[in-house]
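Me: I've got a structure here and I'd like to go through some of the labels people put on it. Mind taking a look with me?

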Amino acid sequence: MEVEHMKGGLRSRNHNLGLKRIKVREENDEEEEPLSPMARMFHQPESNIYIVVIVGYKRLIDLDVYKITLTETFLKHPRFSCLQVADEKSGGEVKWVKTNVDINKHVKVPMVDPYMASPDKFVEDYVANLSKTPMSMSLPMWDFHILNLKTSDAESTVVVRVHHSLADGTSLMALLLSCSDALPSFPAMKKKPISRGAGWFPIWFWKSWSVLLLMWNTLVDIWMCVATTYFLKDTQTPLKAPSSDVAFTPRRIVRRTFSLDDVKLVKNATHTTVNDVVLAMTQAGLSRYLNRKYGQAKSDGEARESCENNLPNNIRLTATLFINLRASPGIYALEEMVKKNSKAEWGNKIGYVLYPFKIELKDNPLDYIRDAKAKIDRKKATLEAKFRMFMAKVFVRFYPTKLAKFPSTTMWFSNVAGPQEPISILGNQVAFIAPSLYGQPVALTIHVVSYVNKMSMVLSVDENIIADPYQLCDDLEEALKLIKNCVIGEGGVIDN
């Protein structure tokens, strides 16, 4: 089947059909392993996705030393020295096939003018152009782009690009961090204390009720996910792509950095989590942005006062919220990462849930916190993410062209905690880390990642739909300020 979605001459990135079919040598059969169902899903036409990690360094990069370090660390993982090859003897099944890696074909060093007027814009444009550039299937599907150019927040920048079939973002970030001088520490996961004072009947009743609630919530969420995938659509807002053709369009990746201390101040005052605060500020920021857009539409493009409510009623805006499903999440030493059956659980071990953002202007900014906490607490009492991963595997294996696709939502969202102290990756001290994607079937993707005392929101947007991503960044930043000021002014206590 040929991909028919070809807009403006832009080439389709459907490598699922373009996989080079070669006869696999029998003497290498013991080394070959078929792609997992999730890896195969990321070769489907509307989910042929690439991970992009932008790493800013605090000094210029010594190219020769960097290549040597990369070879001695990153390349030790077997996935980065394997081709994806269709085996004709197995009916075209795609397998990992070991190959020799020429590091010079994977490390790109463009010529740059160190005295250019706008280095930050150059780096941004360079990353955007990568989303237009095909990656050869004749090589392992990854590359490093080294930009020895001083920007506003780094002395040099490295752009890492990896096809999503190799691994998810968590695996890739874990591998990069395992190449640091010392394993970084991360915020500890807090567990709810178990009450020991209650009698057996209240405990039994609560556990039984929790199981029933889990089953009911899971059934409801499964139905909503199926409905959203096939017929229940989000409202067509200025943030939503009109069709899944958006998966084949270039992306612009921008980021905005916030104070993690401000986020923690709100978290502690409202007795919530960092994730609750991030989702609350995202809901508030999206509401501000859409309110301005609808206001401009009413006044023929002229700006209207942001305090005036221009939003239509009952906007349905859903995010696909990705969740790490690893049994033992964390960062492991490089030697553990490269083992065949590593505890690090390499690959695409992700599920997702549907998260509804309620788009409205609220008089009290703390109401956004209340909304986020209630929705996340509800999502914790469901097996939706695990079920979605299971069904994705089934659909890819048996019905790849009909059912193996992501729900038709407005945006994708991911939030991960980063290192708590400064680290060095591949021998260079890191100034910032900014992960993102392109190739996804939505016009807006937001990744949130923390590093030391900063938090970055990284936006991947289709400029044909969201032409002003920095305005959206401004609205997200203003949303956090409003919530923080409300906390400081009112004491910020939320009734639980």
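Me: Which backbone oxygen lies 2.9 Å from a polar atom of the side chain of threonine 71?
Reply: That of lysine 67. Keep in mind that this is a predicted model. Threonine 71 has its place in helix α3, residues 63-72.

Me: Why is threonine 71 called partly exposed?
Reply: Its relative accessibility is 38%. Buried would need under 20% and exposed over 50%, so at 38% threonine 71 counts as partly exposed.

Me: What is threonine 71 in contact with, leaving aside its neighbours within four places in sequence?
Reply: Lys76 and Ile103, where contact takes heavy atoms within 4.5 Å. Valine 101 is 30 residues away along the chain, and its C-alpha atom is separated from that of threonine 71 by 9.4 Å.

Me: OK, on to the helix pair. What makes α8 oblique to α10?
Reply: The axes of α8 (residues 274-298) and α10 (residues 366-380) cross at roughly 125 degrees and come within 8 Å. Roughly perpendicular stops at 115 and roughly antiparallel starts over 145, so the angle makes α8 oblique to α10. As for handedness, α8 passes α10 in a right-handed crossing.

Me: Which residues make that contact between α8 and α10?
Reply: From α8 you get Asn275, Asp276, Val277, Leu279, Ala280, Gln283, Ala284 and Ser287. From α10 there are Tyr368, Ile369, Asp371, Ala372, Lys373, Lys375 and Ile376.

Me: And how do the residues of the contact of α8 with α10 divide?
Reply: Into 8 nonpolar, 3 polar and 4 charged. Asp and Lys go under charged, while Ala, Val, Leu, Ile and Tyr are among those that count as nonpolar.

Me: Now helix α7. Which of its residues are buried?
Reply: In α7 (residues 260-270), Leu260, Val263, Val266, Lys267, Ala269 and Thr270 are buried, and the cut-off for that word is under 20% relative accessible area.

Me: What reaches the backbone nitrogen of aspartate 261 at the start of α7?
Reply: A side-chain oxygen of serine 259, to within 3.3 Å. A polar contact takes N or O atoms within 3.5 Å. After α7 comes histidine 271, with a positive phi, near 55 degrees.

Me: Zooming out, how many helices and strands are there in the protein chain?
Reply: 12 helices and 16 strands. Of the 496 residues in the chain, 52% are buried. Among contacts between residues at least 6 apart in sequence, 80% join residues at least 24 apart.

Terms used
Residues are numbered from 1 along each chain as its sequence is written. This is a predicted model: local features need pLDDT of at least 70, side-chain atom pairs count only at pLDDT 80 or more; totals for chains, interfaces and linings use all residues. Side-chain values use heavy atoms; hydrogens and water are left out. Axes are lines fitted to C-alpha atoms, for helices over the stretch in contact, and angles run from 0 to 180 degrees between N-to-C directions. Helices (H or I, at least four residues) and strands (E, at least two) are DSSP runs, numbered from the N terminus. Angles under 35 degrees count as roughly parallel, over 145 as roughly antiparallel, 65 to 115 as roughly perpendicular and the rest as oblique. A crossing is left-handed if the near helix is turned anticlockwise from the far one by less than a right angle, and right-handed if clockwise. Buried means under 20% relative accessible area, exposed over 50%, partly exposed in between (1.4 Å probe, protein chains only). A polar contact is a pair of N or O atoms within 3.5 Å; within protein, one must be able to donate a hydrogen and the other to accept it, and residues adjacent in sequence count only if both atoms are side-chain atoms.
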